[in-house]
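Q: I am new to this structure and would like a close look at a single part of it, the aromatic pairs. Please set that part in the context of the chain and take it step by step.

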Amino acid sequence: MDLTTQAVEVCEQYRRKGFACSESVFRALTDIYNLKVPMDTYQVISVFAGGGIDDGRCGVVEAGLFVISILFKKGKLSRAYSLEELSVQLHQEFVDYYGGYNCRDIFYPLYEEHKRSLKGEADFFCAFHDGITIITSFIESKI
């Protein structure tokens, strides 16, 4: 199984356990990249769910930035770019795919599409899958 598929599957396991977007993505990424973080970190990242910060950024983006920062600090990412440049690039990946990186730019269009599909609420995974795919592909391109 490739890393991106693994990331989606692990993220989905966390989502089904009831973790929000930011925490599911963060937990999955720390699992697949074998990153050890203090347990308190999971509680910290959970507050970013649903655009829970002042500027309303998607919790999936926030989780990705957090993991990229950890990988960068540990020297696991190429030093060809600064951490700030990596942040700008990841944001642009979300703009290119979703048209924005704020929760409202991602959640509402996806939820409207989901309602039209007539699938149950348990089958709505917002940006969990595609978002972690974007992040994992981005990280892999920077290693």
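A: A residue counts as buried when its relative accessible area is under 20%, as exposed when that area is over 50%, and as partly exposed in between. Gln6, at 29% relative accessibility, is therefore partly exposed. All of this is read from a predicted model.

Some context on the chain comes before the rings. The chain holds seven helices and zero strands, and along the sequence the pattern reads α-α-α-α-α-α-α. For 143 residues, a compact globule would have a radius of gyration near 15 Å, and the 14 Å of this chain agrees with that. Along the principal axes, the C-alpha atoms fill a box of roughly 45 × 35 × 30 Å. Of the 143 residues, 45% are buried. Taking contacts between residues at least 6 apart in sequence, 63% join residues at least 24 apart.

The surface and the charges can be put briefly. The accessible surface of the chain is about 7700 Å², and carbon and sulfur atoms account for 52% of that surface. The chain has 15 positive and 20 negative charges, and the mean positions of the two sets are 5 Å apart.

Now to the aromatic pairs. Searching the whole structure gives nine aromatic pairs. One of them is formed by Phe26 and Phe66: the ring centres are 4.9 Å apart and the planes meet at 35°, so this pair is tilted. The tilted class takes in planes that are neither under 30 degrees apart, which would be stacked, nor over 60, which would be edge-to-face. Phe26 belongs to helix α2 (residues 21-32) and Phe66 to helix α4 (residues 59-73); with their positions 40 residues apart, the pair links distant parts of the chain. The two partners can also be placed by their accessibility. Phe26 has 0% relative accessibility and so counts as buried, whereas Phe66 has a relative accessible area of 28% and is partly exposed.

A further aromatic pair is that of Phe107 and Tyr108, with 5.2 Å from centre to centre and 85° between the planes, which makes it edge-to-face. Phe107 is partly exposed, as its relative accessible area is 27%. Tyr108 reaches 53% relative accessibility and counts as exposed. Phe107 and Tyr108 also belong to one aromatic cluster, together with Tyr111 and Phe124.

Helix α2, which holds Phe26, also contains Glu23. Glu23 is buried, because its relative accessible area is 9%. Leaving out residues up to four places away in sequence, Glu23 touches Tyr42, Ile45 and Ser46.

That leaves Gln6, the residue mentioned at the start. Gln6 lies in helix α1 (residues 3-16). Apart from neighbours within four places in sequence, Gln6 is in contact with Met1 and Ile32. Ile32 falls within the range given for helix α2, residues 21-32. Gln6 and Thr133 are 127 residues apart along the chain, and their C-alpha atoms are separated by 9.7 Å.

Definitions and conventions:
Residues numbered from 1 in each chain as written. Predicted model: local features only at pLDDT ≥ 70, side-chain atom pairs only at ≥ 80, totals over all residues. Heavy atoms only, no water. Helix = DSSP H or I, 4+ residues; strand = E, 2+ residues; numbered from the N terminus. Rg over C-alpha atoms; globule rule 2.2 N^0.38 Å. Buried < 20%, exposed > 50% of the residue type's maximum accessible area, 1.4 Å probe, protein only. Contact = heavy atoms within 4.5 Å. Areas by Shrake-Rupley, 256 points an atom, 1.4 Å probe, with all protein chains shown as cover. Lys, Arg positive; Asp, Glu negative; His and termini not counted. Charge placed at Lys NZ, Arg CZ, Asp CG, Glu CD. Phe/Tyr/Trp six-rings, centres within 6.5 Å; stacked < 30°, edge-to-face > 60°.
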